[in-house]
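Q: Could you take me on a close look at the sheet in this structure? I would like to see how its strands pair and what packs against them.

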Amino acid sequence: MHEPQRIDAKGLKCPMPVIKLQQRVRQSTPGEHLIIECTDPGAEKDIRSWCKVNKHPFIGTTPTDYGCEIELEVG
């Protein structure tokens with residue numbers, strides 16, 4: 001399995017993390033894993049909802065010293 005692609009959304013406020021994620025997903029292939037690095041405390045909820053609506057499996061969230069990393073699979 002390949003290393004997940006990382007998206008730096010640190011310092012961005014809603015809705016920019018979701019927009020950056022959506023742009024990367026359009027360039028990705030199904031089954032690819034992405035990790036988005038976020039500082040916005042609302043990003044997890046927004047990205048979880050976006051994944052559900054767009055049918056991308058939400059894998060999980062890992063807390064970090066700057067906020068969190070959110071991992072998903074491109075559906």
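A: Happy to; here is a walk across the sheet, then into the core and out to the surface. Please keep in mind that this is a predicted model.

Let's begin with the layout. The sheet is open and has four strands, arranged E1-E2-E4-E3 with mixed pairing. At the edges lie strand E1 (5-9) and strand E3 (58-63), each of which pairs on one side only. From one strand to the next, the twist averages 20°. Helix H1 (residues 16-26) packs on this sheet and touches E1, E2 and E4, and its direction makes about 150° with that of E1.

Now for the pairing itself. Strand E2 (residues 33-38) and strand E4 (residues 68-73) run antiparallel and are joined by six bridges. Two of the partnerships here are isoleucine 35 with glutamate 71 in E4, and glutamate 37 with glutamate 69 in E4. E3 also runs antiparallel to E4, with five bridges between them; across this pair, threonine 61 stands opposite isoleucine 70 in E4. E3 and E4 make a hairpin with four residues between them, and glycine 67 in its turn has a positive phi of about 160°.

A nice residue to centre your view on is isoleucine 36. Beyond its neighbours within four places in sequence, isoleucine 36 is in contact with Ile7, Ala9, Pro17, Leu21, Ile47, Cys68, Glu69 and Ile70. Isoleucine 36 also belongs to the largest nonpolar core, which has 16 residues; there Leu21, Leu34, Ile36, Cys38, Ile47 and Ile70 touch the most other members. At least two residues of this core come from each of E1, H1, E2, helix H2 (43-54) and E4. The biggest share is that of H2, which gives four residues. As a general background, nonpolar side chains in soluble globular proteins tend to be buried together.

For a contrast, turn to isoleucine 19, which is found in helix H1. Isoleucine 19 counts as partly exposed because its relative accessibility is 33%, while buried would require under 20%. The C-alpha atoms of isoleucine 19 and threonine 61 are separated by 18 Å, with the two residues 42 apart along the chain.

One last stop is the ring of tyrosine 66. The charged end of lysine 10 sits over that ring, 4.9 Å from its centre. As for aromatic pairs, the structure holds zero.

Methods
Residues are numbered from 1 along each chain as its sequence is written. This is a predicted model: local features need pLDDT of at least 70, side-chain atom pairs count only at pLDDT 80 or more; totals for chains, interfaces and linings use all residues. Side-chain values use heavy atoms; hydrogens and water are left out. Rings of Phe, Tyr and Trp (its six-membered ring) pair if their centres lie within 6.5 Å; planes under 30 degrees apart count as stacked, over 60 as edge-to-face and the rest as tilted. A charge sits over a ring if NZ of Lys or CZ of Arg is within 6 Å of the ring centre and within 35 degrees of the ring normal. Two strands pair if DSSP finds at least two bridges between them. Axes are lines fitted to C-alpha atoms, for helices over the stretch in contact, and angles run from 0 to 180 degrees between N-to-C directions. Contact means heavy atoms within 4.5 Å. A nonpolar core is a set of buried Ala, Val, Leu, Ile, Met, Phe, Trp, Tyr and Cys residues joined through side-chain atoms within 4.5 Å. Buried means under 20% relative accessible area, exposed over 50%, partly exposed in between (1.4 Å probe, protein chains only).
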